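Colleague: I would like a close look at how one pair of helices packs in this model. Please take it slowly, and then set the pair beside some other parts of the chain.

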Amino acid sequence: MQPAPPAHPVAPAFVVPSVALPFEPPPTPPHAGALRDDAIAWAERHGLIGPRGRARLEQSALLDLAVALAGPAPLPGAAVLMDWFLWALVLDDRVDDGPWGEGGALRRFSAEVESIVGSGGGTDGRDPMLHALATDLWPRTRALGDTAWQVRLRRDLLHHLRAQQAVVQMRESGAACTVAEYTELRREAFGALLFFDLIEAADGAVPATDPCGEGCWHDLRALAADVIAWTNDIHSVAKDLVHGEPYNLVTLLAGEHRTPWQESLDTARDMIVAAADDFTARKLRHLAHLPSVSRTADQVARIGRLEQAMRASADWHAGVSRYHLQADGGPHSRVSVMDTSLTPPTLKSRAFEIDPYPLYRRLRDTMPIAYDEPTDTWLLSRHADVRAALTDPRFSNENYTWQIAPLLGHSIVSMDGQEHAAHRAPLTRAFRSRALTILQDSIDDVARGLVARLRGRGQVDLVAEFTTPLPIQVMARALGLPADTPEQVARLKRWCTVGFSYMGNYRQDPGLLTHGLTNRDDFYDYLQPHLDARRARPGNDLISALLTATVDGRPLSEQYVRGCCAILMTAGSETSHGTLANLITNVLEVPGLLNAIRTDPTAIDLALAETMRRDPALQLVLRQTREEVDLPSGRVPAGVTVACLIGSANRDPRRFPDPDSFALHRADGRLDREYGGAATHFAFGAGRHFCLGSHLARAEITTGLRLLIARYPRLRWAHGFRPEPAGFLNRCPSRLEVTLAHHVPGEQARLHTLEAAFDPATFRVLSRLGLPEDARCLDLGAGAGSVAAWLAAHRPLGQVTATDTDTRFLRFPPRTPIRVLRHDAVREDFPPEVFDLVHARALLCHLPQREELLRRAVDWVRPGGWLVVEDLSVRLADTSPHPVFKRVTRAGEELLATTVGSDLRWADKLAGRFIELGLGDVESSTAPGTVGDRSATDAFWTATFDQAVPALLDKGLLTRQDMAAMRALHRSPDFTDTGISLISVQGRKKASGAPVSPPGRG
């Protein structure tokens, strides 16, 4: 159930009431500047912030509250308090601003914290916050107080984390929450109680748990915590309303009491004032209960620190830009009237990752140039403004000094002007004209190999099997790096994903900051031997081109070459993968598009151009202003970071008619322009930093899709699947589950030859099982359905389920007791113990997951029921006296093994596997498949051979001379041999407490 909705729609504007507290502000510490500088240095040293975060802290008032809380505390304790403030600030941002707080991440983080502060346990070192806590912050903190204080601090820290977990869980579930419930939870979640503990110890005066014996000290701390947390709520309400955060005191008051927003804000302010008054009354009562003058003076000082904390919090919230979010503001903007229509969405919002397009529309229509305070970035959302920012020399790439330089040093992406042009030239030559022709051969080879590997796979995830490995393998080959095996591709993919996330870490998440550096070092260690080899012997690849290139007569530095390889590998694979995934999504989602491409493959280029416009993978590019700039929609200050929202500009109705629609022929007459610097869309950027690899990306994406559709023209979504594009830096679906439904010429006829060849052997096996009259039978991979039809005819009182990933050939007369089910046995399950018979023929040997499927098939059989697996074997062909026949058989075996994952010798060991799985009455029989005698098995072999010929030639497994020799041998009247045999293995699942009956006696 969702929280109660507000009684009235969101007001366009309201006044944030001032909170006047009757307390003195804290004195400014004499060492305030040193405290601030040391805390920033500490956070950067431990990886909690990067250069961007350091600059933000140095130039803003974010640390003013921490300085105020430190107050008169001696320097060592004050420093610990400052570091805790930064630690908590980073934690708050990670939880509120992104997916880090979802999916149990906060729960796992909290468990690690509990281990560190409970038993002094260590950490795996991957998360910089945990590492900083374990190795530095917690040991320094423990030294501030005695054991009793440490217990209290540990309790308040863990309560704080658990309260935050509760809020995260409420967000995920949409749980209702009353004001009373919220205020209790908010007291712990905001963390003020934790900082009261730290203030006491930093001051060197930790009071007793209950100094007056009446519980007053506990109440005073709780009231002060409420004042601080509720003050935060009234200043956060505009941000929370815009971002859809339901758990805010003002929002809950509006919903529970059905009051307007301004009235709800004033009510929250009155609650704060009332809590402050209660605090004063409780203070007097507390002091009256104390037994001595000396203890009274000490308590006055302690209470004074709580009062100072409340006053400092109220002043800070009223002044810091973090809570004054208006589109036309800036880092030093202060407003008391909040207009929610002018409160921009922040790039840190999860809404940008889920679906940014409604946010883009709002930005374009109401605030085309907007200041995003949480990221300290100016957002440009209209096409004209984005084009100006990408092409006007008054916008520079200086943003990369914090975005990429800490990772890769001074690289081509951070260069401008003549320096950029000189360093770009060698790479430009590598991606144009003759060099691109050479790369096209590599693209063809990679794409054909990936498409061939899908053969025989009824349902696949094209992201994992196609869109991800294609650009990685192409770029790796272009560089001269090995990427032929799944393991090599997976390793490069891991490095690219982390590197790309670091480059786009606009949230400045500390985990990415640290992981990015470790990831870079791993990649450089892998890369170095390849650099050394190319330096000794240059080749025809990009690494050699970089190592032999010169700029102003000097060779490129080692650091530059390594960084350039990382950029090319990362940018060249991640965005191409995302674009290809989005293109496939459109091909299968846009009505008529797949048919248009099947009819005219050249339409792929048009479809790609429109996909890059409407659904670009890369949604944002950053720039930095050199000076104040007047854009078509307004003015941008000097020296600020600007976010060019590509996804918004590409759908600006001021530039594109009906921009949300997919118009295949939008680029008619100017198609090539859409892949160059004059493109109307910004998927490749614009201006002097236009994407170097645009033509390579076009070639690999269009080639890959053309070959995929040519092989699988009936491509469609898997049953029940729909793509869900997500992400902001690289927006695309994370999965593309498709049914290949490939139409192989003669496939139905080949299936019928399989049935004619081996149905007699199969029916002999099944007839001996003694199945009950009402048997429930499952036929996996039912093909053309002859086995299912036989079972239905012989057990008319039972039920037969016939499954396949492609059910086109499963056609039965009406009222036949057969249920046809499109089903992928590898990914989809059945309930346990429901079938009297589970049968599979010529299926498991072709599935790499055959062992797992065999175990699951046993589970589907009822106690006393039968499992029958019949699979193909080429073992008998090993003794063939005909060399060419033996060579053809082995080539076919290798083709299936490398492209599908088949094992045509697995069935020879199948009886033993049945016994290992606990089946009883295991029997095995073999039906040899003769070739050359014009029998049914000969017809099956011939159909299979004819179907495999193109692939055997394409993979180089056989030559045309081999084919001619085999055909001549097959035509010879004297030729007979043993080719593909069928091995049938049956086993019975033991009934609990009962012996297993032999076949034919059930």
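Modeller: What follows goes through one helix pair and then several other parts of the structure. The model is a predicted one, and the values below are computed from it.

Two packed helices are described by the angle between their axes and the distance between the axes. The pair to start with is helix 34, residues 883-899, and helix 36, residues 936-954. Their axes are 11 Å apart and meet at an angle of about 65°. Angles of 65 to 115 degrees count as roughly perpendicular, so helix 34 and helix 36 are placed in that class. The crossing of helix 34 past helix 36 is left-handed. On the side of helix 34, the contact is made by Phe885, Val888, Ala891, Gly892 and Leu895. Helix 36 contributes Trp941, Phe945, Ala948, Ala951 and Leu952.

A second pair can be described in the same terms. Helix 5 (residues 105-119) packs on helix 7 (residues 147-173) at an angle of about 175°, and the two axes are 10 Å apart. Because of that angle, helix 5 is roughly antiparallel to helix 7. Helix 5 brings Leu106, Arg107, Ser110, Val113, Glu114, Val117 and Gly118 to the contact. Among the residues they meet in helix 7 are Arg154, Leu157, Leu158, Leu161 and Val168.

Helix 32 covers residues 786-794, and its buried residues are Ser786, Val787, Ala788, Trp790, Leu791 and Ala792. What covers them includes helix 31 (747-767) and four strands: strand 17 (776-780), strand 18 (799-804), strand 19 (818-822) and strand 20 (835-841).

Elsewhere, three strands form an open sheet in the order 6-16-13, with antiparallel pairing. Strand 6 (459-461) and strand 13 (716-717) are the edge strands, and each pairs on one side only. Strand 16, residues 737-739, pairs with strand 6 over three bridges. One residue pair shows where they meet: Val738 in strand 16 is the bridge partner of Val460.

The last topic is the cysteines. A disulfide is a covalent bond between the sulfur atoms of two cysteines. Searching the whole structure gives zero disulfides. For Cys212, the nearest cysteine sulfur is that of Cys216, 3.5 Å away, and Cys212 is in no disulfide. The cut-off for a disulfide is a pair of sulfur atoms within 2.5 Å. Buried means under 20% relative accessible area. Cys212 has 11% relative accessibility and therefore counts as buried. Cys644 also counts as buried, because its relative accessibility is 0%.

Methods. Residues are numbered from 1 along each chain as its sequence is written. This is a predicted model: local features need pLDDT of at least 70, side-chain atom pairs count only at pLDDT 80 or more; totals for chains, interfaces and linings use all residues. Side-chain values use heavy atoms; hydrogens and water are left out. Two strands pair if DSSP finds at least two bridges between them. Helices (H or I, at least four residues) and strands (E, at least two) are DSSP runs, numbered from the N terminus. Buried means under 20% relative accessible area, exposed over 50%, partly exposed in between (1.4 Å probe, protein chains only). Axes are lines fitted to C-alpha atoms, for helices over the stretch in contact, and angles run from 0 to 180 degrees between N-to-C directions. Angles under 35 degrees count as roughly parallel, over 145 as roughly antiparallel, 65 to 115 as roughly perpendicular and the rest as oblique. A crossing is left-handed if the near helix is turned anticlockwise from the far one by less than a right angle, and right-handed if clockwise. Contact means heavy atoms within 4.5 Å.
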